[in-house]
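I opened the notebook to record how the helices of this chain pack. I also wanted two acidic residues checked for burial.

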Amino acid sequence: MIELTIPYDAYTNGLTSKQTAVSAMKATLNSAINFATSSIQFAYLGVGVIEIALTDVSTFAMQTRYESTKNMYDAYYQRDTVSRTSQDWLKIFKKIYKENQSNPQKSLELMNAEIDRYVQEYWEVAGTVDDTWNEIEGKNAKMAKAPWPNSSDRANISNLHKEALYDYLQVVFKTISRDIYFDGLSQREKELKDLTRLLNTPYALIITEETEDGDKPQWAGCYARLAPLAAGADEKAWTGKLDDKGGGTIKFTLLAHSKAGFPMDLELYKTLDDVEKGRVAMTADWMIGEREKAVPAPFPRVIILR
């Protein structure tokens, strides 16, 4: 009987259940150009924050009769409880970013939405204004002296503020974009280090033959090879001669295994001439997770241990 033993935990710890398929492994190896990875999302988000600052704001000349309304609007945003410094905005944007790192589009939408909500806030407050508001803002701020614009004119007044706000927030946009970019680099570095450790993990496929006392090992001096091999793979590197007890070890790293095409079959050959001519005496797969495989006579039973 031949036993094939491979360190099951070691081979699977670096791979989630979704990555055990060959196609998924190849996708992992190509992560540098996979725009679904989180690090690329971070970098994309960094660019997106700058795009907020470059957004066109459609404004047109404000009508003279709305000057007093605009003065009230500006006075509202100068109040201590309403006015925001660049640090205030930076704190808000960072919170949005941290809560939505895996969804860059949502982050951008929330940042834009917060700016829009902020510049529209006055109209919500002014629509429910009371006498206290009038007294605080002064005689020129009385609602009776400030004509109420229609929706398009209100949007225009808000956009004038929004346009000025974009200019004011340039440093904020660049700061958070820089932070996101460096977060992305750090994440990418971590991913690459993890991938490097995974690809350089050594493995050993140990082949042994169990015999009864006094019996000669059937596979003594025979040859073993992992197959099928990818085009260009060195066949000699994946072929070895078994010892006088029918045993041997094939060592490799995950990187080498991937470059060889993820060969998952063990082929046994009686002689070197059989190897050269492709005459396979026995084939057994060792796909991880398979507990036992029965091979028809006259070949011995092969057990694959987890």
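The entries below go from the whole chain to helix pairs and then to single residues.

**Entry 1: the chain as a whole**

I am working with a predicted model. I looked up the secondary structure and found 11 helices and nine strands in the protein chain. The chain has 306 residues, and 40% of them count as buried. Its accessible surface comes to about 17300 Å². Carbon and sulfur atoms hold 52% of that surface. I then took the contacts with a separation of 6 or more. Of these, 72% join residues 24 or more positions apart.

**Entry 2: α4 against α8**

I picked helix α4, residues 67-77, and helix α8, residues 151-168. Their axes come within 11 Å and cross at roughly 45°. An angle of 35 to 65 degrees falls between roughly parallel and roughly perpendicular, so I noted α4 and α8 as oblique to each other. The crossing is right-handed. Which residues meet here? From α4 I listed Thr69, Lys70, Tyr73 and Tyr77. From α8 I listed Ile157, Ser158, Leu160 and His161. By class, this contact has four nonpolar, three polar and one charged residues.

**Entry 3: α6 against α8**

I stayed with α8 and turned to helix α6, residues 104-126. The axes of α6 and α8 come within 9 Å, and the crossing angle is roughly 130°. I therefore entered this pair as oblique too. Its crossing is right-handed. On the α6 side, the contact is made by Asn112, Ile115, Asp116, Tyr118, Val119, Gln120 and Trp123. On the α8 side, I wrote down Arg154, Ala155, Ile157, Ser158, His161, Lys162, Leu165 and Tyr166. The class count reads eight nonpolar, four polar and three charged residues. I marked Ile157, Ser158 and His161 of α8, since they appear in the contact with α4 and again in the contact with α6.

**Entry 4: α5 against α9**

Next I took helix α5, residues 86-99, and helix α9, residues 170-199. They pack at an angle of about 35°, with their axes 9 Å apart. α5 passes α9 in a right-handed crossing. In α5, I found Ser86, Trp89, Leu90, Phe93, Lys94, Tyr97 and Lys98 at the contact. In α9, their partners are Val172, Phe173, Thr175, Ile176, Asp179, Ile180 and Asp183. I logged eight nonpolar, two polar and four charged residues for this pair.

**Entry 5: Glu114**

Is Glu114 buried or exposed? This residue is found in helix α6. Its relative accessibility is 16%. The cut-off for buried is under 20%, so Glu114 counts as buried. Leaving out residues up to four places away in sequence, I found that Glu114 touches Arg84, Trp89 and Ile92. Trp89 is also among the α5 residues that meet α9. I checked Phe93 as well. Glu114 and Phe93 are 21 residues apart in sequence, and their C-alpha atoms are 9.0 Å apart.

**Entry 6: Asp274**

Which helix holds Asp274? I found Asp274 in helix α11, residues 272-277. At 12% relative accessibility, Asp274 counts as buried. Tyr269 and Arg279 touch Asp274, with residues up to four places away in sequence left out.

Notes
Residues are numbered from 1 along each chain as its sequence is written. This is a predicted model: local features need pLDDT of at least 70, side-chain atom pairs count only at pLDDT 80 or more; totals for chains, interfaces and linings use all residues. Side-chain values use heavy atoms; hydrogens and water are left out. Axes are lines fitted to C-alpha atoms, for helices over the stretch in contact, and angles run from 0 to 180 degrees between N-to-C directions. Helices (H or I, at least four residues) and strands (E, at least two) are DSSP runs, numbered from the N terminus. Angles under 35 degrees count as roughly parallel, over 145 as roughly antiparallel, 65 to 115 as roughly perpendicular and the rest as oblique. A crossing is left-handed if the near helix is turned anticlockwise from the far one by less than a right angle, and right-handed if clockwise. Contact means heavy atoms within 4.5 Å. Ala, Val, Leu, Ile, Met, Phe, Trp, Tyr, Cys and Pro count as nonpolar, Asp, Glu, Lys and Arg as charged, and the others, Gly among them, as polar. Buried means under 20% relative accessible area, exposed over 50%, partly exposed in between (1.4 Å probe, protein chains only). Accessible areas come from the Shrake-Rupley method with a 1.4 Å probe; for residues, only the protein chains shown count as cover.
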